[in-house]
Amino acid sequence: MATANHNLSNYDKTTIPNAKDFRFGIVVSEWNDTITEGLWQGAFDALIDCGAKKENIVRWNVPGTFELTYGAARMSKSIYADSGMLDAIIVIGCVIQGETKHFDFVCEGVTQGIKDLNLTGDIPVIFCVLTDNTMQQSIDRSGGKHGNKGTEAAIAAIKMADLRVQTK
């Protein structure tokens with residue numbers, strides 16, 4: 001595996017725009033919450049570390065990963081978006097392979113849904129959904145030996161928020 005024994009969440013703040021003027025929405029799945037809470041914490045900590053203000057980070061919870069698309073769509077049309085208060089949205093979820101095709105349907109649905117939001121909306125939606133074969137793989141990617149994908153999503157959100165502002 002290409003990521004074996006590598007922490008992929010290290011970043012150089014000098015190469016990232018300061019996030020002090022950006023506002024972020026984060027939609028978090030409650031399913032597999034031991035994983036999604038770790039991803040949330042990684043995203044939140046990275047946003048704060050890069051200058052975002054706590055009051056400029058809005059969190060909404062949804063029951064599962066499949067519901068992330070609806071949550072992000074509603075958030076992008078909410079009062080936060082209407083008032084110009086959101087520059088990027090991060091969706092956080094975790095789907096672990098089971099014995100049925102449910103994994104495939106959920107992963108495909110949420111992936112396509114977030115892609116569609118990015119194609120049709122004005123606010124970039126960052127995909128932070130783990131789709132692992134085992135719980136251990138998810139643990140390793142939500143603050144474990146492979147870093148924290150939430151951190152990586154936050155850095156992507158900052159860069160996309162900056163792109164959004166630069167291209168208005």
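**Reading a predicted fold, residue by residue**

Student: Leaving aside neighbours within four places in sequence, which residues is Val95 in contact with?

Tutor: Contact here means heavy atoms within 4.5 Å, and on that basis the partners of Val95 are Asn32, Thr65, Phe103, Val106, Cys107, Val129, Leu130, Thr131 and Asp132. Val95 itself sits in strand β3, where helices (H or I, at least four residues) and strands (E, at least two) are DSSP runs numbered from the N terminus. Its relative accessibility is 8%, so Val95 counts as buried, the classes being buried under 20% relative accessible area, exposed over 50% and partly exposed in between, with a 1.4 Å probe and protein chains only. As a point of reference in space, the C-alpha atoms of Val95 and Tyr70 are 17 Å apart, the two residues being separated by 25 residues along the chain.

Student: What should I keep in mind about the origin of these values?

Tutor: This is a predicted model, in which local features need pLDDT of at least 70 and side-chain atom pairs count only at pLDDT 80 or more, whereas totals for chains, interfaces and linings use all residues. Residues are numbered from 1 along each chain as its sequence is written, and side-chain values use heavy atoms, with hydrogens and water left out.

Student: How many helices and strands does the chain have, and what pattern do they follow along the sequence?

Tutor: The secondary structure comes to six helices and six strands, and read along the sequence they follow the pattern β-α-β-α-α-β-α-β-α-β-β-α. The C-alpha trace spans about 45 × 30 × 25 Å along its principal axes, and of the 168 residues, 48% count as buried. Contacts can also be sorted by sequence separation: among those between residues at least 6 apart in sequence, 80% join residues at least 24 apart.

Student: How many residues does the largest nonpolar core have, and which have the most contacts inside it?

Tutor: A nonpolar core is a set of buried Ala, Val, Leu, Ile, Met, Phe, Trp, Tyr and Cys residues joined through side-chain atoms within 4.5 Å. In this chain the largest such core has 29 residues, and those with the most contacts inside it are Phe24, Ile26, Leu47, Ile90, Ile92 and Ile158. At least two residues each come from β1 (24-29), α1 (33-49), β3 (88-96), β4 (125-132) and α6 (149-166), with α1 giving the most, namely seven. Another core, of 20 residues, lies apart from this one and has Leu86, Val95, Val106 and Val110 among its members. Returning to the largest core, Ile90 is in contact with Gly25, Ile26, Val27, Ala43, Leu47, Ile126, Cys128, Ala153, Ala154 and Ala157, leaving aside neighbours within four places in sequence.

Student: Is Thr36 buried or exposed?

Tutor: Thr36, which is placed in helix α1, counts as buried, at 0% relative accessibility. Beyond its neighbours within four places in sequence, Thr36 is in contact with Val28, Ser29, Trp31, Ile92, Gly93 and Cys94. Another threonine, Thr69, lies in helix α2 (residues 68-76) and is buried as well, with a relative accessible area of 18%. Not counting residues up to four places away in sequence, Thr69 touches Gly109, Val110, Gly113, Ile114 and Leu117.

Student: What is the phi of Asn32 near?

Tutor: As a general idea, most residues other than glycine have a negative phi. Asn32 has a phi near 55°, a positive value in a residue other than glycine; its place is the loop between β1 and α1, and Asn32 is buried, with a relative accessible area of 18%.

Student: Why do Cys50 and Cys94 have no bond to the closest cysteine sulfur?

Tutor: A disulfide is a covalent bond between the sulfur atoms of two cysteines, and the rule applied here asks for a pair of cysteine sulfur atoms within 2.5 Å. The sulfur of Cys50 is 15 Å from the closest one, in Cys128, which is too far for a bond, and the sulfur of Cys94 is 9.3 Å from the closest one, in Cys107, again too far. Both count as buried, Cys50 at 7% relative accessibility and Cys94 at 1%. The count by this rule comes to zero disulfides.

Student: Which residue does UniProt list for "active site"?

Tutor: The unreviewed UniProt entry lists His102; such positions are given in the numbering used here with shortened feature names, and annotations may be inferred rather than shown by experiment. In the model, His102 is found in helix α4 (residues 102-120) and counts as exposed, at 53% relative accessibility.
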